[in-house]
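Have a look at the model below and turn it around a few times. We'll start from one strand and work outwards, picking up the links as we go.

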Amino acid sequence: QVQLVESGGGLVQAGGSLRLSCVASGRPSSSYAMMGWFRQAPGKERDFVASITWSGGTTYYAASVKGRFTISRDYAKNTVYLQMNSLKPEDTAVYYCAVKLSEAGLYDYWGQGMQVTVSS
């Protein structure tokens, strides 16, 4: 089992910034293949935001956030971050952290989610 604890969400004005954090525990981090961030807006499906390979640090982004969001990880702290800049009202959603143990597989474990609200 892997436990994921997210923090850093909240309310921000359009154009502002937030940094989300997700701390993983429960299994050696060497077993993680990839960690990612997803978001779900009201009435919509959960969408991919960004991901990072745990060992190599290769990053992937949704087109809607590329150039504004940056995903990173701290290997020693078992933590993945999502730096969100130039926030827009359409970024408002519940944000989830997730981890998968195989790059080719689905995400195996999910955090509880946290609200990010961007006011116009």
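How many bridges join strand β4 to β9, and do the two run parallel or antiparallel? Seven bridges join β4 (residues 34-40) to β9, and the two run antiparallel. Before going further, a word on where this comes from: this is a predicted model, in which local features need pLDDT of at least 70, side-chain atom pairs count only at pLDDT 80 or more, and totals for chains, interfaces and linings use all residues. Residues are numbered from 1 along each chain as its sequence is written, and side-chain values use heavy atoms, with hydrogens and water left out.

**Strand β9 and its neighbours**

A few terms help here. Strands are DSSP runs of E with at least two residues, numbered from the N terminus, and two of them pair if DSSP finds at least two bridges between them. "Buried" means under 20% relative accessible area, "exposed" means over 50%, and "partly exposed" is in between (1.4 Å probe, protein chains only).

Strand β9 covers residues 93-100, and seven of its eight residues are buried. Besides β4, β9 pairs with β11 (residues 114-119) in the antiparallel sense, through three bridges. Strand β10 (residues 109-110) also pairs with β9, again antiparallel, over two bridges.

Now zoom in on Y95. Its bridge partner in β4 is R39, while M114 in β11 stands opposite Y95 too. Further along β9, V99 has Y109 of β10 as its bridge partner.

**The core**

Y95 turns up again in the largest nonpolar core. A nonpolar core is a set of buried Ala, Val, Leu, Ile, Met, Phe, Trp, Tyr and Cys residues joined through side-chain atoms within 4.5 Å. This one has 30 residues, and L4, M35, W37, L82, M84 and Y95 touch the most other members. Seven strands, β3 (18-25), β4, β5 (46-53), β7 (69-74), β8 (79-84), β9 and β11, each supply at least two residues of this core. In soluble globular proteins, nonpolar side chains tend to be buried together.

**Salt bridges around D91**

Charged side chains have their own story. A salt bridge is a side-chain nitrogen of Lys or Arg within 4 Å of a carboxyl oxygen of Asp or Glu, and by this rule there are two.

| Pair | Closest N to O |
|---|---|
| R39 and D91 | 2.9 Å |
| R68 and D91 | 2.7 Å |

Together, R39, R68 and D91 are linked in a network. What does each pair tie together? R39 lies in β4 and D91 in the loop between β8 and β9, so that pair ties together parts 52 residues apart in sequence. R68 lies in the loop between β6 (59-61) and β7, so its pairing with D91 ties together parts 23 residues apart. As for cover, R39 is buried at 13% relative accessible area, and D91 is buried at 1%. R68 is buried as well.

**The disulfide**

Back to β9 for one last link. A disulfide here is a pair of cysteine sulfur atoms within 2.5 Å, and the structure holds one. It joins C22 to C97, with an S to S distance of 2.1 Å. C22 lies in β3 and C97 in β9, so the pair ties together parts 75 residues apart in sequence. The torsion about the S-S bond is about -80°, so the disulfide is left-handed. C22 is buried at 0% relative accessibility, and C97 is buried with a relative accessible area of 0%.

Notes
Helices (H or I, at least four residues) and strands (E, at least two) are DSSP runs, numbered from the N terminus.
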